[in-house]
Amino acid sequence: MRKLIVAGSIGNCVHVAGVYNFLRFAEQQGYETVFLGPAVPIDKLIEAVKEYQPEIVGVSYRLTPQALENLLKELKDKIEKNNLKEIKWVFGGTEPNAEVARKSGIFSAVFDGTKGDEETINFLRGKTATSQKRVFADTLIGRIEDKFPYPIIRHHFGLPSLEDTIEGVKRIAEAEVLDVISIAPDQNAQEHFFDKKYDPALDGAGGVPIRKEEDLIRIYEASRRGNYPLLRCYSGTNDVFKMAEMLLRTIKNAWAAIPLSWYNVLDGRGPRDVRTSIRENQQLMKWHAERGVPVEVNEAHHWSLRDAHDVIGVVTAFLAAYNAKKMGVRDYVAQFMFNVPASISPKMDLAKMLAKIELIEDLEDENFRVIRQARAGLASFPSDLLEAKGQLASSAYLSMAIKPHIYHVVGYCEAHHAATPEDIIESVKIVKAVIKNTMFGMPDLTKDEDVIKRKEQLKKEARILLEAIKEIAPHSEDPWSDPDVLATAIEIGLLDAPHLKGNKYAKGALQTKVIDGACYAYDYEKHRIIPEEERVEKILREYKKERFLV
């Protein structure tokens, strides 16, 4: 039997969008397709099946269930009379019609739209059947492959109560909307889980108060239902190797998120100095790489969230990937946080992300694979909940231009309150509708002339800054992965941000301004943009002068 699908809307139903999309999915999976169109009489459908001898017949109907009952009785009778029961018959329609279709006994699979297009794609891949229990991949790469061409969906979750968090994980898993739940521990857990020097006033601040290993095991067990989502958790800011080992043992940490130069005295989230933290973070990347765990280096958005100009955002994204590769990471999760700063325009935002992507993916080879992850920036969400839903959808639509493998949903309510399970489910459904609408026929925003021009400018200026980092350590074997060189780059201001002003571990001299939707280094005294070449030359000149190098 040919790998062929024949499909159409039967009876007097003229709604064909669903069946047409079904055939497009089928073509992506290697099927030949025959589209019979709208309002296909049962006799005509049977004739087409006999003529084409397909493997699968798709039947669609979206009108009244009562009328469908009669149509399906006729269809069942003619299937039997024409000996067509060996063919797979599938149905797509509204929930009430789907229930009628299930009762008819005709169909191998019935789709009512409640589980999204992923259900259809998996059926076409032979991974599901109505009589079998669905098996869900338990690795990041496996989930991505199962969902392709759709991105897998991630959301963070952690309430101030452990018990509420456990119950929430159960509800989220049962809803089958998330592929990955990122557990958000409170700051006490991140910094003091092992030394137990907790500040009671900070219990539950920013996440769930995990206080013992059994708490993580209970959270993992709560997720073993529904679509069995993967779990992952933020890295610790102290005792980082103990935390990594425990997360892998208890929740099978799907991938590690590790900064390069943060979670230390620089941001006040831990006691480590910058050089020590860079060295430890590099070794933590290596630790995960040796165990085959994918790694995300969440570096660039830490700089952009502190209003660093776009060039620094691009450079630190590259340095993060470069260091991950240097440490032996094979599967690298590159996070692209849109809307940072919140005033950046969509065109300039996309240009910045494309510049990052092109520099990062130049590093790809047979031993280093880049996984794109997109998300909205938290600071871009208004506190008005209806406006926030609009921002969530808007950012998701723009983000889909980079074709992410992972979409990290940020709950629309985050500027108002910490996301509850109900908020998360609602936010994910909003984003999934946006993603579905971008899969076919979306304009290619990456071809916009303004986007391309800004992307190329950023790549050019990023290379200037990267070469400047090399210049401060001409005798280093590999300056871009040398902790002393990277820490020095922060101290002298090659890597800098306005929010670091007054921080004794950084220069804190950079000033920036958003102009025409892009973020630039800016001289407020002379009211002008500072070209990157000029900025780094001044910094290098002062650095060499201080060290009697000129």
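Select β14 (512-515) and strand β15 (residues 518-523), which run antiparallel and are joined by 4 bridges; here strands, like helices, are DSSP runs numbered from the N terminus (E, at least two residues, for a strand; H or I, at least four, for a helix), and two strands pair if DSSP finds at least two bridges between them. Within this pair, K513 stands opposite Y520 in β15.

This is a predicted model, in which local features need pLDDT of at least 70, side-chain atom pairs count only at pLDDT 80 or more, and totals for chains, interfaces and linings use all residues. Residues are numbered from 1 along each chain as its sequence is written, and side-chain values use heavy atoms, with hydrogens and water left out.

Add β16 (528-529) to the selection. The result is an open sheet of 3 strands, in the order β14-β15-β16, with antiparallel pairing. β14 and β16 stand at the edges and have a single partner strand each, so one side of each is left without a neighbour in the sheet.

Next, go to strand β6, residues 152-157. Of its 6 residues, 6 are buried, where buried means under 20% relative accessible area, exposed over 50%, and partly exposed in between (1.4 Å probe, protein chains only). Colour the two faces separately: I152, R154 and H156 lie on one side, I153, H155 and F157 on the other, and all are buried.

Now show the neighbours of β6. Strand β13 (residues 406-409) pairs with β6 in the parallel sense over 4 bridges, and I406 in β13 is the bridge partner of I152. Strand β7 (residues 180-183) also pairs with β6 in the parallel sense, over 4 bridges; in that pairing R154 stands opposite V180. Select helix α7 (residues 162-175) together with β6 and β7 to see a right-handed β-α-β unit. To check the hand, point the strands away from the viewer: the path from the first strand over the helix to the second runs clockwise in a right-handed crossover.

Keep β6 displayed and turn to the second largest pocket, which has a volume of about 780 Å³. Its lining has 32 residues, and those closest to the pocket centre are H156, Y234, R269, R375 and L378. The search runs on a 1 Å grid over the protein atoms alone: a pocket is an open set of points with protein on both sides within 12 Å along at least five of seven lines, a cavity is a set where a 1.4 Å probe fits but cannot get out, and lining residues have an atom within 4 Å of a point. Grid points are joined across faces, edges and corners, and a volume is the space filled by probe spheres set on the points.

Which elements each supply at least two residues of this pocket lining? They are β6, α8 (187-192), α12 (300-304) and β11 (331-338). β6 gives the most, with 3 residues. By class, the pocket lining divides into 13 nonpolar, 12 polar and 7 charged residues; Ala, Val, Leu, Ile, Met, Phe, Trp, Tyr, Cys and Pro count as nonpolar, Asp, Glu, Lys and Arg as charged, and the others, Gly among them, as polar.

Move on to the enclosed spaces. There are 4 cavities of 30 Å³ or more in the structure, and the largest has a volume of about 90 Å³. To find the largest cavity, select V297, A300, A317, Y332 and Q335, which lie nearest its centre among 14 lining residues. Two or more lining residues come from each of α12, α13 (310-326), β11 and α14 (346-361). β11 provides the largest share of this lining, 5 residues. The classes here are 9 nonpolar, 3 polar and 2 charged residues.

For the second largest cavity, with about 70 Å³ of space, select P185, A189, I210, C233 and M243, the nearest to its centre of 13 lining residues. α8 and α10 (240-251) give two or more residues each, and the largest share, 3 residues, comes from α10. This lining has 10 nonpolar, 3 polar and no charged residues.

Stay on C233 and add C413 for the last stop. C233 is buried, at a relative accessible area of 3%, and C413 is buried at 0%. Why is the sulfur of C413 not bonded to that of C233? The two sulfurs are 20 Å apart, too far for a bond, although C233 holds the closest cysteine sulfur to that of C413. With a disulfide defined as a pair of cysteine sulfur atoms within 2.5 Å, the count comes to 0 disulfides.
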